[in-house]
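I opened a fresh page for this one and went through the model bit by bit. Here are my notes, in the order I looked things up.

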Amino acid sequence: MISADTAFVAIDVQNDFCPGGALAVAEGDQVVPVINRMMPRFPVKVLTQDWHPADHFSFAANNPGAEAFSLIDAPYGPQVMWPIHCVQGSAGAAFHPKLQIDCADLIIRKGYRSHIDSYSAFFENDHTTPTGLEGYLRDRGVQSVVMAGLATDFCVRFSAVDAAKLGFDVTVLEDGCRAIDMDGSLAAAMAEMAEHNVAVVPSADYAV
Ligand code: VGL
Ligand code: ZN
């Protein structure tokens, strides 16, 4: 049984994070059937969308001399230099065409400020600027959040840890996520989620 206070949040299931996309995650498209099967069962359904302006500071191309996947210092800490991805209105920023989005109650966009990146669905990377998702979930009486999407070690990780820090009970569906996995980022994500009591479970074991 899935209780009335549980939300499903599908993170960044967008073309640029799927095979053939600008920041493709291996097997990224394989999260789609898992999410399509699970999301309709939840009373609250949220999708997130990485949504950058073309001049976004996280793009290596906008930082002369910076190589893709290198780290630079931002005012809020280290920032990975990404290939240009999820530009507002582009085909790469659109949801995967097989993702069933019509049942979603809310689509939350993030990363739309040029000078700050936003991995988490709750806060931008300064860890203080809110996206509004916390308020939405609280207004809907949500206490538990179930997450899946892309990428396990960036946007899913930061979203799950922030949700746990905010006091939500958090579950991540393991087969509903895929990782970028650069420099041990997947292992670090799993460790940090465990530290914050995020349950990572196969979707087949969730509320059967
Ligand atoms: C993401 C890197 C840059 C993600 C977004 O959705 O995990 N990763 N922007
Ligand atoms: Zn991004």
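**Cys-86.** I started in the loop between β4 and β5, where Cys-86 is found. I'm working from a predicted model, so every number here is computed from that. The backbone caught my eye: Cys-86 isn't a glycine, yet its phi is positive, about 45°. Buried or exposed, I wondered about Cys-86? Buried, because its relative accessible area is 0%. I also found Cys-86 among the residues that Gln-14 touches, so I went there next.

**Gln-14.** This residue sits in the loop between β1 (6–11) and α1 (31–38). Gln-14 counts as buried because its relative accessibility is 0%, and the cut-off for that word is under 20%. Which residues does Gln-14 touch, not counting those up to four places away in sequence? I listed Thr-48, Gln-49, Asp-50, Cys-86, Gly-92, Ala-93, Ala-94, Phe-95 and His-96.

Then I checked what the side chain of Gln-14 does with its polar atoms. One polar atom there is 2.7 Å from the backbone nitrogen of Asp-50. On the Ala-93 side, the backbone oxygen is 2.9 Å from a polar atom of the Gln-14 side chain.

**Asn-15.** Next door, Asn-15 is in the loop between β1 and α1 too. With 23% relative accessibility, Asn-15 counts as partly exposed. Leaving out neighbours within four places, I noted contacts from Asn-15 to Gly-21, Ala-91, Gly-92, Ala-94, Phe-95, His-96 and Pro-97. Its side chain has a polar atom 2.9 Å from the backbone oxygen of Ala-91. I took one long-range reading as well: Asn-15 and Gly-135 are 120 residues apart in sequence, and their C-alpha atoms are 28 Å apart in space.

**The sheet.** Which order do the six strands of the open sheet follow? I read off β5-β2-β1-β6-β7-β8, with parallel pairing. At the edges are β5 (106–110) and β8 (199–201), each of which pairs on one side only. Neighbouring strands are turned by 25° against each other on average, direction ignored.

I zoomed in on one pair. Strand β2, residues 44–50, pairs with β5 in the parallel sense over five bridges. Within β2 and β5, Val-46 stands opposite Leu-106. A reminder to myself: in a regular strand, side chains alternate between the two faces of the sheet.

**Helix α1.** This helix lies across β1, β6 (144–150) and β7 (169–178), and runs at about 140° to β7. How many of its eight residues are buried? Six, so I wrote down that α1 is mostly covered. The buried ones are Val-31, Val-32, Val-34, Ile-35, Asn-36 and Met-38. Their cover includes β1, β6 and β7.

**The hairpin.** I looked at β3 (residues 71–74) and β4 (77–80) together. They run antiparallel and are joined by four bridges. A hairpin of two residues links β3 to β4. Leu-71 has Val-80 in β4 as its bridge partner.

**Pocket.** Both members of that bridge turned up again when I looked at the largest pocket, which holds about 400 Å³ of space. It is lined by 17 residues, and the closest to its centre are Leu-71, Pro-78, Val-80, Tyr-119 and Phe-158. β4 and α3 (152–165) each supply at least two residues of that lining.

**Cavity.** I searched the whole structure and got one cavity of 30 Å³ or more. About 100 Å³ of space lies in the largest cavity. Of its 14 lining residues, Phe-17, Leu-23, Tyr-119, Phe-154 and Cys-155 are the closest to the centre.

**Two more backbone oddities.** Where is the cis peptide bond I noted? It joins Leu-150 and Ala-151, and omega is about -15°. Ala-151 is found in the loop between β6 and α3.

My last stop was Asp-181, in the loop between β7 and α4 (185–195). Asp-181 has a positive phi, near 55°, and is a residue other than glycine. I put Asp-181 down as partly exposed because its relative accessibility is 45%.

Terms used. Residues numbered from 1 in each chain as written. Chains lettered and ligands numbered in written order. Predicted model: local features only at pLDDT ≥ 70, side-chain atom pairs only at ≥ 80, totals over all residues. Heavy atoms only, no water. Buried < 20%, exposed > 50% of the residue type's maximum accessible area, 1.4 Å probe, protein only. Polar contact = N/O pair within 3.5 Å; in protein donor to acceptor, adjacent residues only side chain to side chain. Contact = heavy atoms within 4.5 Å. Pairing = 2+ DSSP bridges. Axes fitted to C-alpha atoms, helices over the stretch in contact; angles between N-to-C directions. 1 Å grid on protein atoms, 1.4 Å probe; cavity = no way out; pocket = protein on both sides within 12 Å on 5 of 7 lines; lining within 4 Å. Points joined across faces, edges and corners; volume = space filled by probe spheres on them.
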